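Take a look at the structure below. We will walk through its strands, its core and its charged contacts.

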Amino acid sequence: ADTYPVVTEPVEGATITTDLQQAQEGQTVTVNIADIAADKQFHSITVVDADNNPVDTTEVVAGEQYTFTMPASAVTVKVVLEDNEPEEGRNHCPDL
């Protein structure tokens with residue numbers, strides 16, 4: 001059976017890995033997001049096929065693990081982080 005590449009776009013501030021670097025159509029691919037920088041937080045994940053059509057992702061652990069079903073083409077996994085700005089006005093104890 002044909003296998004297609006799973007490409008992960010590097011993102012500054014986190015490590016994005018997939019359990020498969022090549023997959024057959026219909027296989028489930030797991031994406032793991034780790035080592036997110038302290039000043040960043042997970043914003044979104046998108047997976048697109050070779051024609052830039054979106055591939056549905058399923059949340060396993062919010063901001064950490066997602067799965068998708070491999071289409072019959074190469075895919076690119078893109079994770080977007082955003083700046084993790086502390087909420088102003090919350091009552092929180094400063095670290096002394």
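How many bridges join β4 to β8? Five, and the two strands run antiparallel. This is a predicted model, so keep that in mind as you read on.

Start with the sheet around that pair. Four strands form an open sheet, ordered β2-β4-β8-β7, with antiparallel pairing. β2 and β7 (57-61) stand at the edges. Each has a single partner strand, so one side of each is left without a neighbour in the sheet. Neighbouring strands here are turned by 25° against each other on average, direction ignored.

Now follow the pairings. Within the β4 and β8 pair, T28 stands opposite T69 in β8. On the other side, four bridges join β2 to β4 (residues 28-34), and these strands also run antiparallel. There, T15 stands opposite A34 in β4.

Edge strand β2 covers residues 15-18. Its covered face holds I16 and T18, while T15 and T17 make up the uncovered one. In a regular strand the side chains alternate between the two faces of the sheet.

Next, strand β8 (residues 65-69). T67 lies in this strand. Is T67 buried or exposed? Its relative accessibility is 16%, under the 20% cut-off, so T67 counts as buried. Beyond residues up to four places away in sequence, T67 touches T28, V29, T30, D56, T57, T58 and V60.

F68 has its own set of contacts. Leaving aside neighbours within four places in sequence, F68 is in contact with V6, Q27, T28, V29, V31, V47, V55, D56, T57, V75 and V77.

F68 also belongs to the largest nonpolar core, which has 18 residues. Which of them touch the most other members? They are V6, I16, F68, M70, V75 and V77. β4, β5 (40-49), β8 and β9 (75-83) each supply at least two residues of this core. The largest share, four residues, comes from β9. In soluble globular proteins, nonpolar side chains tend to be buried together.

Finally, the charges. The structure holds one salt bridge. Side chains of opposite charge can pair when their charged atoms come close. Here the side chains of K40 and D83 meet, at 2.9 Å from N to O. The pair links distant parts of the chain: K40 sits in β5 and D83 in β9, 43 residues apart. K40 has 26% relative accessibility, so K40 counts as partly exposed. D83, at 47%, is partly exposed as well.

How values were computed: Residues are numbered from 1 along each chain as its sequence is written. This is a predicted model: local features need pLDDT of at least 70, side-chain atom pairs count only at pLDDT 80 or more; totals for chains, interfaces and linings use all residues. Side-chain values use heavy atoms; hydrogens and water are left out. Buried means under 20% relative accessible area, exposed over 50%, partly exposed in between (1.4 Å probe, protein chains only). Contact means heavy atoms within 4.5 Å. Two strands pair if DSSP finds at least two bridges between them. A nonpolar core is a set of buried Ala, Val, Leu, Ile, Met, Phe, Trp, Tyr and Cys residues joined through side-chain atoms within 4.5 Å. Axes are lines fitted to C-alpha atoms, for helices over the stretch in contact, and angles run from 0 to 180 degrees between N-to-C directions. A salt bridge is a side-chain nitrogen of Lys or Arg within 4 Å of a carboxyl oxygen of Asp or Glu.
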